[in-house]
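The exercises below are meant to be worked with the sequence and the model side by side. Please try each task before reading its solution.

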Amino acid sequence: MPTERAVLDAHYMARALELARKGLYSTHPNPRVGCVIVRDGQVVGEGWHVRAGEPHAEVHALRQAGELARGACAYVTLEPCSHHGRTPPCAEALVNAGVARVVAAMQDPNPQVAGQGLKRLADAGIEVSSGVLEAEARALNPGFLKRMEHGLPYVRVKLAMSLDGRTAMASGESQWITGPAARSAVQRLRARSSVVLTSAESVIADNARMTVRAEELGLDAENTALALARQPLRVLIDGRLRLPLEASFYQAGPALVATAAAGDERYAQAGVELLQLPGQDGRVDLRALLLELAARGVNEVLVEAGPGLAGAFAQSGLVDEYQLFIAGKFLGSSARPLLDWPLARMSEAPALKITEMRAVGDDWRVTAIPVPASGV
């Protein structure tokens, strides 16, 4: 039976997580963090981190609480930072404010923090604890955590398909398999991502721009403004530099082109960054690309591509999550498959764990994660 204190801790941490979610579209490359300050059973301060370079959640909450922070309890969804970055350390701010207790949902895996924030608080005589609603806190920042713990971003692969598992007609025609509600959901996936990654084949087929579009987000005014304040970096995998520089994709804003081809000075002249990576037969080394993106502070990558690139990510074991949008229609046996991934035996079929399934307008959205080969 949970104690009264444990129940209250979970209650206030749930509110801190609700605040942290407000930063879903805006905090890149920082984590989404919320803070609630409670004194004598009353919330006296709340805050959330809006964007990198601006005050962290704790600072916003402390400013709101003012002198009422002294002797209060601060609930934070991530261990307060202990280092000087673009902003001063939040652990120091909590010490100076005179809080009596700090509850963190989880420790920060950032090597620059990694328990040092909680240690600074404890050394100052503040009661500290962590692990309250930790699973929920981790789910809020999968990309930041994976980048800090493994040096790679969190990779989502978005796929839209018919009921018979097809993604496009044999001619390549694919607009539109799913309806407006599903397309809005995809726009929100783009908006929360650090990078939207696609292939030259997909861009050529659809004349795609891969941008976040206000009219399709389906968000209120506040969240639309946050989502549009930062367009995700658009990364194009073009192993042989097939997409012409005149394509609308390049006219839509900054882009990074990953290639296995030799350099071409025309890209620099056009303001397009060309990233040369190792590869075979014109195919870019996908893991090398993800390592480079992580080194640039990329937390979450959304892969929106056809069966070739999506299949390559799947076969390489680089997918953390699949977002499958299923339309109530058949495209027929000559249409293109979901993944270009030939399998000969049932024993080779990779297992997926479906974590969520819900209706999105007239379509269905399935969230699935790969199950490790060991079954663990």
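**Exercise 1: two arginines of an annotated site**

At 24% relative accessibility, R213 counts as partly exposed, where buried means under 20% relative accessible area, exposed over 50% and partly exposed in between (1.4 Å probe, protein chains only). The model is a predicted one, in which local features need pLDDT of at least 70 and side-chain atom pairs count only at pLDDT 80 or more, while totals for chains, interfaces and linings use all residues. Residues are numbered from 1 along each chain as its sequence is written, and side-chain values use heavy atoms, with hydrogens and water left out.

Task: place R213 and R190 in the structure, and find what each touches.

Solution. Begin with the record: the UniProt annotation "binding site", from an unreviewed entry, covers S174, R190, D206, R213 and E304; such positions are given in the numbering used here, with feature names shortened, and annotations may be inferred rather than shown by experiment. Next, locate R213 in the loop between α8 (200-206) and α9 (214-217), and R190 in helix α7 (residues 180-192); helices (H or I, at least four residues) and strands (E, at least two) are DSSP runs, numbered from the N terminus. R190 counts as buried because its relative accessibility is 8%. Finally, list the contacts, meaning heavy atoms within 4.5 Å: not counting residues up to four places away in sequence, R213 touches Q187 and R190, and the partners of R190, leaving aside its neighbours within four places, include R213, L302 and E304.

**Exercise 2: the strand that holds E304**

Task: determine whether the residues of β14 are buried or exposed, and which strands pair with β14.

Solution. Strand β14 covers residues 300-304, and five of its five residues are buried, so β14 is largely enclosed by the rest of the structure. Looking along β14, one finds E300, L302 and E304 pointing one way and V301 and V303 the other way. Two strands pair with β14, pairing being counted if DSSP finds at least two bridges between strands: β6 (residues 154-162) runs parallel to β14 and is joined to it by five bridges, and β8 (residues 195-199) is also parallel to β14, over three bridges. V301 serves as a landmark, since V155 stands opposite V301 and V195 also stands opposite V301.

**Exercise 3: an open sheet and its surroundings**

Task: give the order of the strands in the five-stranded open sheet, and describe what surrounds R101.

Solution. The order is β2-β1-β3-β4-β5, with mixed pairing. β2 (42-48) and β5 (127-130) stand at the edges with a single partner strand each, so one side of each has no neighbour in the sheet. Within the sheet, β1 (residues 34-39) pairs with β2 in the antiparallel sense over six bridges, and V36 stands opposite E46 in β2. R101 belongs to strand β4 (residues 101-104) and is buried, with a relative accessible area of 9%. Its side chain makes a polar contact of 2.8 Å with the side chain of D9, a polar contact being a pair of N or O atoms within 3.5 Å, of which, within protein, one must be able to donate a hydrogen and the other to accept it, while residues adjacent in sequence count only if both atoms are side-chain atoms. Among the other residues that R101 touches are R5, A72, C73 and E127.
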